[in-house]
Amino acid sequence: MSDLLERLRGRGWRVTSQRRVVAEVLDGDHVHLTADEVHARAVRRLPEISRATVYNTLGEMVSLGEVLEVSTDGRAKRYDPNAHRPHQHLVCSGCGTIRDVHTTGDPLSHLPAAERYGFTVSAAEITYRGLCPSCA
């Protein structure tokens, strides 16, 4: 069983065949698929699954905090199942490929107190950009 599916079951999420397929499609370390890509892969496993079901299932997973919604550079939202291990993203400026990267240290420590403007900062999202080997 996929890690994502186990986490969802642990939260009492009712697992239907459609939900199972969406969770299985998203399973993996560097998976950042759009909803349409999830649907295309899900249809190969379960031909009768609708686009609306995929969108609704992704929305539920995001609401539960088990999947992250990632938006970069005005491109389509992507869905990241790596919601429980702190990480940043490396994005190809050419093709839009996204990879998870695990940096050392606390990203919040890089923001000097004078630059916080009185905010109580609770999280940081850092995106590294460049060209992947295929686009370089």
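Let's start with an opening in the protein: the largest pocket holds about 350 Å³ of space. Keep in mind that this is a predicted model. Which residues lie nearest the centre of that pocket? They are Leu68, Val70, His87, His89 and Glu125, out of 17 residues that line the largest pocket. Two elements, strand S2 (68–70) and strand S4 (88–92), each give two or more residues to this lining. The biggest contributor is S2, with 3 residues. Sort the lining of the largest pocket by class and you get 6 nonpolar, 8 polar and 3 charged residues.

How do we find such spaces at all? Rolling a probe the size of a water molecule over the atoms shows where empty space is left. There is a second largest pocket too, with a volume of about 150 Å³. Around it sit 12 lining residues, and the ones nearest its centre are Asp3, Arg7, Gly28, Pro81 and Asn82. Here helix H1 supplies the largest share of the lining, namely 3 residues. As for the mix of classes in the second largest pocket, 4 of its lining residues are nonpolar, 3 are polar and 5 are charged.

Now step back and look at the whole chain. The C-alpha atoms fit in a box of roughly 55 × 40 × 25 Å, taken along the principal axes. Inside it you'll find 4 helices and 6 strands. Walk along from the N terminus and the elements come in the order α-α-β-α-α-β-β-β-β-β.

Since H1 has already turned up at a pocket, let's see how it sits against its neighbour. H1 covers residues 3–10 and H2 covers residues 17–26; the two pack at an angle of about 135 degrees, with axes 8 Å apart. That angle makes H1 oblique to H2. Which residues make the contact? From H1 come Leu4, Leu5, Leu8 and Arg9, and they meet Arg20, Ala23 and Leu26 in H2. By class, this contact between H1 and H2 has 5 nonpolar residues, no polar ones and 2 charged ones.

On to the strands. One open sheet has 3 strands in the order S1-S3-S2, with antiparallel pairing. Why do S1 and S2 count as the edges? Strand S1 (33–34) and S2 each have a single partner strand, so one side of each is left without a neighbour in the sheet. S1 is joined to strand S3 (residues 78–80) by 2 bridges, and these two strands run antiparallel. To see the pairing for yourself, find Thr34, which stands opposite Arg78 in S3. S2, at the other edge, is the strand you met at the largest pocket.

Another open sheet, also made of 3 strands, has the order S5-S4-S6 and mixed pairing. Its edge strands are strand S5 (98–101) and strand S6 (127–130), each of which pairs on one side only. On average, neighbouring strands in this sheet are turned by 25 degrees against each other, direction ignored. S4, one of the strands that line the largest pocket, pairs with S5 in the antiparallel sense over 4 bridges. You can trace this pairing residue by residue: Val91 stands opposite Ile98 in S5, and Leu90 has Arg99 in S5 as its bridge partner.

What lies between S4 and S5? The two strands form a hairpin with 5 residues between them. Look at Gly96 in that turn, where phi is positive, at about 90 degrees.

So here's a route for your own tour. Begin at the largest pocket, with Leu68 and Val70 among the residues nearest its centre. Then follow S4 into its hairpin with S5. Finish at the helix pair, where Leu4 and Leu8 are among the H1 residues that meet H2.

Note on methods: Residues are numbered from 1 along each chain as its sequence is written. This is a predicted model: local features need pLDDT of at least 70, side-chain atom pairs count only at pLDDT 80 or more; totals for chains, interfaces and linings use all residues. Side-chain values use heavy atoms; hydrogens and water are left out. Axes are lines fitted to C-alpha atoms, for helices over the stretch in contact, and angles run from 0 to 180 degrees between N-to-C directions. Angles under 35 degrees count as roughly parallel, over 145 as roughly antiparallel, 65 to 115 as roughly perpendicular and the rest as oblique. Contact means heavy atoms within 4.5 Å. Ala, Val, Leu, Ile, Met, Phe, Trp, Tyr, Cys and Pro count as nonpolar, Asp, Glu, Lys and Arg as charged, and the others, Gly among them, as polar. On a 1 Å grid over the protein atoms alone, a cavity is a set of points where a 1.4 Å probe fits but cannot get out, and a pocket is an open set with protein on both sides within 12 Å along at least five of seven lines; lining residues have an atom within 4 Å of a point. Grid points are joined across faces, edges and corners, and a volume is the space filled by probe spheres set on the points. Two strands pair if DSSP finds at least two bridges between them.
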